[in-house]
Amino acid sequence: RARGAVAAAAAMAMPSASDPSVPPSGVSCSGCGAELQCGDGGAPGFVPAEKYRSLLSGGPAGLRGAVCQRCWALAHHGSALRLRLPPAEHRRVLSAALRRPPRHGRGPLLLYVLDVTELPDPVLPQLPALLSPDLPAAGVLVVGNKVDLLPADCRGHLGRLRQRVAAACARAGLQGAALVDIRLVSAKTGYGVEGLVSRLQRSWKCAGDVYLLGATNSGKSTLFNTLLRSDYCKSRAPDIVDRATVSPWPGTTLNLLKFPIINPTCDRIFRRQERLKEEATKTEDQLSTEEKKYLNQLKKQGYLVGEVGRTFQQQNSSAEVDFDPDLLSYSMDEDPRDPPKKHEEREEFTHNEVKDARWCFDTPGIVKEDCVLNLLTEKEVKLVLPSHAIVPRTFILKPGMVLFLAALGRIDYLEGEKPAWFSVLASNLLPVHVTTLSNADALYEKRAGQEFLKVPMGGEERMKEFPPLVPQDITLKGIGTTEAVADIKLSSAGWVAVTAHAEEELLLRAYTPKGTALVVREPPLLPYISAIRGARIPGTPAYRTKKPPSFVENLRATGSR
């Protein structure tokens, strides 16, 4: 893996020249699964020609473990190279994989990963069209991901979230025997993953292959990496299988990556349960200094945290992106100074290990249409997508006031008898500004593209090419001062929960960029969210923010028995 990282780093250091005369390698990039090639710099799997020939001089094995230029840029710089890969190509790769004849006498289990903050999921209704009617899947297990980002607005909020996911499945025609289960997890912090592994081993066992499906940026590749280092994967596989590239840029996985599923024999399940029972008796005080440091880091990232362990092999701590920074810390115009003294053979699976193996596949993300992320640069995407627990921001507005979420969304309070509460749930990095209706247009014209509204960024030139905000009128009737009546979802930029007095009718006008989806979500995802606030800030419509504490599922509370 380290040698692959060096190869990719060196590839980035070389001039990005292509050579169309060199045929593709037949070897997959260990980051995104695309076939490594040097013929087209704008296509998936590209490695600069000089480095490609250098690696290939020792035969195809020289490319094994290497990553393409795009994956290196994603991991090392957080930037995405623009690729000529239309959405139809993503669908073609995915559909072809799902229509393969069953390898073990039955169709695969589909693990559909959806982002709970994006409900109603825009891609779930498309799932039946991707499947073959002649070769149906054995079922779909829906995984509601990113629950760690959402604060608990009341007791039982996870049960309510699960009901929302179930309702989305029913609307998409996914119910009855076809719906195996619904699980809520955080692939990033590990919450719920041990329960997911137990559910898969208990119901699916090792009956056939498993495919991870979902929209772009739903967290599929993060879940793939987490399962790779869990009891769901064969014990030797984490040392052999490279991790999928994890990045906020939509459509990261370009082809199929896979790992072999462990056979959950009775002995293995017993040993796993014993490990889980032992871990459940620990308190945070009993953790090592390193474990506490890692746990505190996860608590900053999410409200819900869980440890994912290994029963059959000791798990080594690793960074989210599996590259060694020491091997990449050299000038971009020179090769590494201390190359390995001898060729390091890459460990491979034996024939017996894989001849009857069942595999877990990561698949290309299905591109979301009408999504504001499609309009943004990679730098803007990183600001818009929440990477840490969302801290709700609540404002009290009177008729004639306007709320801006960056320059990506706007809500005008046009008519109503009383003030109403507007709770913003979006990336903590996105600014929220409140102004009057008479000043709103001028504020947008002057400040859009500037630091004041933050996204988009790039000044007047950027805004010339950015679509204008288009309005949609919304009428709501309040149900009480403690419960939101609806969420106004501003595409994938976030949403605003509206709380109003009982029977109070509100006329609102909401805006999103032209060509993006604005959704009124009823009932709201977190109906009691306006209660998570501090005192009113004098002289402003804003309340002080309040961040609820995090919960760790695998540890016993200190002092409990």
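How many bridges pair β4 with strand β7 (residues 359–362), and in which sense, parallel or antiparallel? The pairing is parallel, over 3 bridges; the rest of my notes are below.

1. Ground rules. This is a predicted model, so local features need pLDDT of at least 70 and side-chain atom pairs count only at pLDDT 80 or more, while totals for chains, interfaces and linings use all residues. Residues are numbered from 1 along each chain as its sequence is written, and side-chain values use heavy atoms, with hydrogens and water left out.

2. The parallel strands. Helices (H or I, at least four residues) and strands (E, at least two) are DSSP runs, numbered from the N terminus, and two strands count as paired if DSSP finds at least two bridges between them. β1 pairs with strand β2 (residues 139–145) in the parallel sense over 7 bridges; within that pairing, Tyr112 has Val142 of β2 as its bridge partner. β1 also pairs with β4, again parallel, over 5 bridges. Leu109 sits opposite Val210 in β4, and Val113 has Gly214 of β4 as its bridge partner. Going on from β4 to β7, Leu212 stands opposite Asp362.

3. How covered are these strands? Buried here means under 20% relative accessible area, exposed means over 50%, and partly exposed is in between (1.4 Å probe, protein chains only). β1 is largely enclosed by the rest of the structure, because 7 of its 7 residues are buried. Its two faces are both covered: Leu109, Leu111, Val113 and Asp115 lie on one side, and Leu110, Tyr112 and Leu114 on the other. Strand β4 (residues 210–214) is mostly covered too, with 5 of its 5 residues buried. From β4, Val210, Leu212 and Gly214 point one way, and Tyr211 and Leu213 point the other way.

4. The antiparallel sheet. Then there is an open sheet of 5 strands, in the order β8-β11-β15-β14-β17, with antiparallel pairing. β8 (393–397) and β17 (518–521) are the edge strands, each pairing on one side only. On average, neighbouring strands of this sheet are turned by 20° against each other, direction ignored; axes are lines fitted to C-alpha atoms, for helices over the stretch in contact, and angles run from 0 to 180 degrees between N-to-C directions. Inside the sheet, strand β11 (residues 420–425) and strand β15 (residues 495–499) run antiparallel and are joined by 5 bridges. One pair to click on is Phe422, whose bridge partner in β15 is Val498.

5. Salt bridges. The cut-off is a side-chain nitrogen of Lys or Arg within 4 Å of a carboxyl oxygen of Asp or Glu, and a search of the whole structure turns up 27 of them. One of these joins Lys489 to Glu118, with the closest N and O atoms 3.5 Å apart. That pair links distant parts of the chain, 371 residues apart: Lys489 is in strand β14 (residues 484–490), and Glu118 is in the loop between β1 (109–115) and α5 (127–130). Lys489 counts as buried, at 7% relative accessibility, and so does Glu118, at 9%.

6. Two more pairs. Arg160 and Asp153 form a salt bridge with their closest N and O atoms 2.5 Å apart. Arg160 is buried, with a relative accessible area of 11%, and Asp153 counts as buried at 9%. Lys477 and Glu505 meet at 4.0 Å, N to O. They link strand β13 (residues 469–477) to strand β16 (residues 505–513), with their positions 28 residues apart in the chain. Lys477 counts as partly exposed, at 40% relative accessibility.

7. A network, and an arginine outside the salt-bridge count. Salt bridges with shared partners join Glu194, Asp231, Arg272, Arg275 and Glu279 into one network. Which buried residue has no salt bridge, with Asp231 as its nearest side chain of opposite charge? Arg310, and the distance is 4.0 Å; for charge, Lys and Arg count as positive and Asp and Glu as negative, while His and the chain ends are not counted. Arg310 lies in the loop between β6 (304–305) and α11 (325–328). Its side chain reaches the backbone oxygen of Ser230 at 3.0 Å.

How values were computed:
Polar contact = N/O pair within 3.5 Å; in protein donor to acceptor, adjacent residues only side chain to side chain.
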